[in-house]
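Please describe this structure for me. I would like its first helix, its cysteines and its main pocket covered.

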Amino acid sequence: MANKVFAYFHEAYRRVMRKEYYYALKCIDSLRLLMATAWYMEVGIQPNTFGDWAKYEWERSKLEAWQLSLLESWECGRNPLEIMNVMKSIVPEFKRVHKNLCNKLGIEENPEWLIELLIRLFKQKHSQNVRVFYL
């Protein structure tokens, strides 16, 4: 799952830099869906197939109120700053759920590896900003 998250972060970033905002928004939507999927996995609920938002929202959702609130807060329009801010705001929860899933599955989590991967994804010329972005 982490690989998909990084792929969508990278693609959203690239599309913002190219001013391809609809494509970037599609990536943001995929990031939100991956986080909802991770939350389900975290509590042992079988997630939907990727791309299926059924039962992730409101009364039929098995997500907690704070998770639904986060999903709602990760909404953005075509403004590049908004898109980048949503990406930045997803990172802390991704870090938390990634750590929990690693612990649950007995996989060693390496935070420095995650930072290094983000630096590579967002290109070396932006590396000083990525460390702040990730932390």
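The report below takes the helix, the cysteines and the pocket in turn.

This is a predicted model, in which local features need pLDDT of at least 70, side-chain atom pairs count only at pLDDT 80 or more, and totals for chains, interfaces and linings use all residues. Residues are numbered from 1 along each chain, and side-chain values use heavy atoms, without hydrogens and water.

Helix α1 covers residues 2-17 (helices are DSSP runs of H or I, at least four residues, numbered from the N terminus). Its 16 residues should span 22 Å at 1.5 Å a residue (taken times one less than the number of residues). The end C-alpha atoms lie 23 Å apart, which agrees. Buried residues of α1 include Val5, Phe6, Phe9, Tyr13 and Val16. Lys19 follows α1 and has a positive phi, near 65°.

The search of the whole structure finds 0 disulfides (pairs of cysteine sulfur atoms within 2.5 Å). Two cysteines count as buried, meaning under 20% relative accessible area with a 1.4 Å probe, protein chains only.

| Cysteine | Relative accessibility |
|---|---|
| Cys27 | 1% |
| Cys102 | 7% |

The largest pocket has a volume of about 190 Å³. Its lining residues (an atom within 4 Å of a pocket grid point) include Asp29, Arg32, Trp53, Trp58 and Glu75. Helices α2 (21-42) and α3 (65-73) each give two or more residues to this lining. α3 gives the most, with 3 residues. By class, the lining has 4 nonpolar, no polar and 5 charged residues (Asp, Glu, Lys and Arg count as charged).

Conventions:
Buried means under 20% relative accessible area, exposed over 50%, partly exposed in between (1.4 Å probe, protein chains only). On a 1 Å grid over the protein atoms alone, a cavity is a set of points where a 1.4 Å probe fits but cannot get out, and a pocket is an open set with protein on both sides within 12 Å along at least five of seven lines; lining residues have an atom within 4 Å of a point. Grid points are joined across faces, edges and corners, and a volume is the space filled by probe spheres set on the points.
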